[in-house]
2 protein chains.
Amino acid sequence: MAVTMNDVARAAGVSLKTVSNVLNDYEFIRPATKKRVQDAIAELGYEANLTARSLRSGKTRMLGLVLSDLSAPYYAELASRLMKAASRRGYRVLVEQSDAVGEVELNALQGPFRQLTDGLLFTPLVIDADAIADRLGKKPLVLLGEHILDPRFDLVTMKNGEAAADLTAHLLAGGRRRIAVIGAHPEESAGSAGLRLNGYRKALDEAGVTFNPELIAPCEWRRDNGAAAVAGLLDGGVEFDAVFGLNDVLALGAMHELLIRGFRVPQDVAVAGFDDIDEARFASPSLTTVSPGMEEIAERSIGLLIDRIEGREAGDQAAHIEAGFQLKVRESAP
Amino acid sequence: MAVTMNDVARAAGVSLKTVSNVLNDYEFIRPATKKRVQDAIAELGYEANLTARSLRSGKTRMLGLVLSDLSAPYYAELASRLMKAASRRGYRVLVEQSDAVGEVELNALQGPFRQLTDGLLFTPLVIDADAIADRLGKKPLVLLGEHILDPRFDLVTMKNGEAAADLTAHLLAGGRRRIAVIGAHPEESAGSAGLRLNGYRKALDEAGVTFNPELIAPCEWRRDNGAAAVAGLLDGGVEFDAVFGLNDVLALGAMHELLIRGFRVPQDVAVAGFDDIDEARFASPSLTTVSPGMEEIAERSIGLLIDRIEGREAGDQAAHIEAGFQLKVRESAP
DNA sequence: GCCAACGTCTGCAACGATGTATGGCAGGAA
DNA sequence: TTCCTGCCATACATCGTTGCAGACGTTGGC
């Protein structure tokens with residue numbers, strides 16, 4: 001049986017509540033008393049029972065993180081940073097993989113997962129704003145990503161449109177005119193895919209290049225789909241001189257397929273991505289991409305969520321934070 | 001205020017304990033009573049309070065996973081699978097990143113992290129078996145990886161030596177004679193690095209090739225180190241016709257450096273890795289590597305740990321499980 | 001010299017569930 | 001009738017902590 005506060009209290013010759021007060025940094029305790037208690041704690045090797053504390057206080061000091069799949073490099077890197085940022089502030093992160101399944105997303109909002117955490121970092125991929133609003137409890141929620149732009153919710157995101165436009169402009173400046181886009185429907189205009197596609201179209205417009213829907217290949221954002229999409233375009237006889245993968249793994253999958261088929265990158269086809277995962281720098285050729293300020297996203301979303309949890313004023317209405325970005329020009333599209 | 005068991009009991013006209021019994025599948029409950037309770041639960045939207053349940057029962061239904069860094073692709077993919085395997089059995093996984101810092105590893109074994117979980121999956125990188133034994137509580141612990149081979153602990157691992165030997169033999173069969181190894185000290189013989197290096201040496205011996213310590217470059221297992229190690233060898237005038245990165249990111253970093261410097265892979269230098277991360281298949285050229293049976297590792301380690309937690313006989317002494325492996329021959333070393 | 005204010009500490013009652021022990025009731029055996 | 005057994009439900013204590021209200025002794029103002 002573990003050492004309890006009662007044992008400590010007995011050893012220090014004070015009441016149970018005084019031990020609790022010492023542990024919770026209650027203001028009015030005589031230094032001598034405090035020391036006696038601390039000594040007793042050290043001597044007995046007492047450790048607070050977090051479960052009991054949670055039951056009584058209603059706080060778990062855990063944050064929930066809902067994302068589709070931790071094995072996707074972007075999410076893995078993001079999760080790693082979020083966990084470190086949370087850890088610095090005395091919180092842990094509990095991860096839930098939704099696999100982009102609506103039911104799982106809904107359950108994360110109200111089920112046991114919610115109960116275990118003081119607040120949620122949520123990357124909705126399937127459900128919409130109203131569904132979220134319906135099951136929104138009292139606990140804070142911060143949305144990540146950009147599937148949902150709704151004034152009711154805090155949101156931390158990146159400058160998708162602007163970054164995609166800059167990247168596209170860079171490709172155009174390199175003389176590319178037929179830039180294929182992998183990972184969006186031609187008419188898409190919301191969500192990460194839509195916003196990035198909008199940026200692409202905006203850059204085309206500004207350069208006086210006509211948008212060509214035949215160059216836009218929709219698919220889920222996975223490496224193998226990037227390869228398959230390029231294969232589809234080529235087999236369909238679509239010609240292009242650049243590929244913009246809406247995220248890095250799509251771009252890398254696409255690049256792989258191009259190289260296999262004997263295209264030279266970037267001479268024949270330039271390739272660019274989005275996310276700047278660690279792998280992008282070391283791909284061959286290294287991948288031109290957008291670094292979306294992941295560290296800033298991690299730091300600010302954790303900060304915002306914890307501010308909400310601890311009741312600090314962080315603005316009364318929903319915050320909408322956009323991290324800065326950087327174009328990373330590398331070999332695949334110099 | 002949330003709905004409690006008491007509310008349900010009142011609504012159903014039974015005692016608190018009867019509700020608890022229904023929830024815990026107690027055998028002797030009249031179907032009619034059971035139904036009344038279940039209806040009341042549904043009507044009130046009752047959800048069990050997990051914190052209270054944990055306090056009373058001493059179980060959290062969470063498993064701890066300690067690894068160095070979730071952003072490393074191998075760990076990210078492993079964590080993702082472990083979480084899914086745990087989820088299927090009604091458990092969650094709480095991840096702790098040690099950054100290969102000894103103090104963090106020690107704290108994971110006995111601190112609050114341990115308290116929050118019913119059992120631990122632990123990848124020790126720094127601390128040794130005795131340090132673990134010293135702070136081993138009553139809760140089950142399963143070691144992952146192979147830094148520690150000790151009859152006191154359950155261990156789930158892979159066939160490092162055998163797989164490395166097969167891979168090396170494959171390189172030798174392709175006519176390579178000067179195979180550089182990235183990620184180990186020449187004298188290392190324990191841990192993942194040591195075991196894989198042993199396999200390498202064994203294959204050399206069997207082929208009658210002399211081991212050359214100058215070909216062995218030690219470094220931490222990160223992508224940039226793989227590149228730096230190859231650069232170091234080349235700048236130091238060491239000649240080689242193949243590189244064996246002791247994991248995939250090292251191999252990919254190395255390959256990147258080789259390609260930058262104008263070597264052709266595999267014509268001038270063959271490259272091989274270990275882990276078969278998703279990226280390996282889509283690298284250019286695609287990476288020859290060892291698939292270490294990650295799915296089996298995830299499934300069996302979760303199974304073993306939960307068996308221990310739930311007190312099922314899984315053999316009285318420590319289990320020692322080795323997953324099977326597969327050689328994946330791809331373009332980088334055909 | 002009295003009362004209010006202050007600083008310091010304490011006791012009790014929760015938080016919401018589960019384990020143990022036990023209480024009824026029905027039906028069959030003695 | 002009486003006792004026992006099997007089924008079903010209950011009461012009470014308990015897990016280890018924190019919130020609330022208040023007790024106690026000291027100090028300072030008037």
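Reader: Which polar backbone atom is 3.1 Å from a phosphate oxygen of DNA strand D?

Author: One belonging to Asn49(A). Bear in mind that this is a predicted model.

Reader: What about Arg53(A), how far is its side chain from a phosphate oxygen of that strand?

Author: An N or O atom of the Arg53(A) side chain is 2.8 Å from a phosphate oxygen of DNA strand D.

Reader: And the bases? Which side chain has an N or O atom 2.4 Å from a base oxygen of DNA strand D?

Author: That is Arg56(B). Arg56(B) is also listed among the closest residues to the strand, along with Tyr46(A), Arg56(A), Thr18(B) and Thr33(B).

Reader: How many residues surround DNA strand D?

Author: There are 25. Of the strand's atoms within 4 Å of the protein, 61% belong to sugar and phosphate.

Reader: What classes of residue make up the surface near DNA strand D?

Author: Ten are nonpolar, eight polar and seven charged.

Reader: Which helices supply at least two residues each?

Author: In chain A, α2 (16-23) and α4 (50-57) do. In chain B, α2 (16-23) and α4 (50-57) do too.

Reader: New topic. What rotation superposes chain B on chain A?

Author: A rotation of 180°, with 0.0 Å of shift along its axis. The RMSD is 0.1 Å. The two copies are therefore related as by a two-fold rotation axis.

Reader: What share of chain B's contact residues recur in chain A?

Author: The figure is 100%, and the same surface serves both copies.

How values were computed
Residues are numbered from 1 along each chain as its sequence is written. Chains are lettered from A and ligands numbered from 1 in the order in which they are written. This is a predicted model: local features need pLDDT of at least 70, side-chain atom pairs count only at pLDDT 80 or more; totals for chains, interfaces and linings use all residues. Side-chain values use heavy atoms; hydrogens and water are left out. Copies are superposed by least squares on the C-alpha atoms of residues with pLDDT of at least 70 in both. Contact means heavy atoms within 4.5 Å. A residue is near a molecule or strand if one of its heavy atoms lies within 4 Å of it. A polar contact is a pair of N or O atoms within 3.5 Å; within protein, one must be able to donate a hydrogen and the other to accept it, and residues adjacent in sequence count only if both atoms are side-chain atoms. Helices (H or I, at least four residues) and strands (E, at least two) are DSSP runs, numbered from the N terminus. Ala, Val, Leu, Ile, Met, Phe, Trp, Tyr, Cys and Pro count as nonpolar, Asp, Glu, Lys and Arg as charged, and the others, Gly among them, as polar.
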